[in-house]
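Colleague: I am new to reading protein models and would love a close look at one part of this one. Could you walk me through the largest pocket and what lies around it?

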Amino acid sequence: GPISAAWFALVYPCLFLQYMGQAAALIDNPEGVDNAFYHSVPKEVLWPVLILATLATIVASQAMITGIFSIITQAHALKFLPRVGVQH
């Protein structure tokens, strides 16, 4: 499907390049092993990368919330979960 195609065409190559970049940065500077991601980023683009990483974290957390909600809704519809009352 399209998700599998996107994974192999976009996500996997990007992850591979990121990990290889971190490995190259660690080979060049072994003292940066305590935080390889931030030590592999040039100082000039540290803030844009930090903002991008924060936005990616927000998107990922929203995706997790949406996915969990969908799973719980489906489990309730299939009567795998009992009805739960919400009290405010």
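Modeller: Happy to! One definition helps before we start: Ala, Val, Leu, Ile, Met, Phe, Trp, Tyr, Cys and Pro count as nonpolar, Asp, Glu, Lys and Arg count as charged, and the others, Gly among them, count as polar. Please also keep in mind that this is a predicted model.

Now to the pocket itself. The largest pocket holds about 210 Å³ of space. Its lining is made up of Q18, F37, V49, L52, A53 and A56. Sorted by the definition above, five of these lining residues are nonpolar, one is polar and none is charged. Helix α3, which covers residues 46–77, gives the largest share of the lining, with four residues.

One of the lining residues, F37, also leads us to another residue, Q22. Leaving out neighbours within four places in sequence, Q22 is in contact with F37, and with A36 and S40 as well. Q22 belongs to helix α1, which spans residues 2–28. Is Q22 buried or exposed? Its relative accessible area is 16%, and buried means under 20%, so Q22 counts as buried.

Let us go back to helix α3 and look at another of its residues, A75. The same kind of reasoning works here: A75 has a relative accessibility of 15%, which is under the 20% limit, so A75 counts as buried. Setting aside residues up to four places away in sequence, A75 touches F80 and L81.

How values were computed: Residues are numbered from 1 along each chain as its sequence is written. This is a predicted model: local features need pLDDT of at least 70, side-chain atom pairs count only at pLDDT 80 or more; totals for chains, interfaces and linings use all residues. Side-chain values use heavy atoms; hydrogens and water are left out. On a 1 Å grid over the protein atoms alone, a cavity is a set of points where a 1.4 Å probe fits but cannot get out, and a pocket is an open set with protein on both sides within 12 Å along at least five of seven lines; lining residues have an atom within 4 Å of a point. Grid points are joined across faces, edges and corners, and a volume is the space filled by probe spheres set on the points. Helices (H or I, at least four residues) and strands (E, at least two) are DSSP runs, numbered from the N terminus. Buried means under 20% relative accessible area, exposed over 50%, partly exposed in between (1.4 Å probe, protein chains only). Contact means heavy atoms within 4.5 Å.
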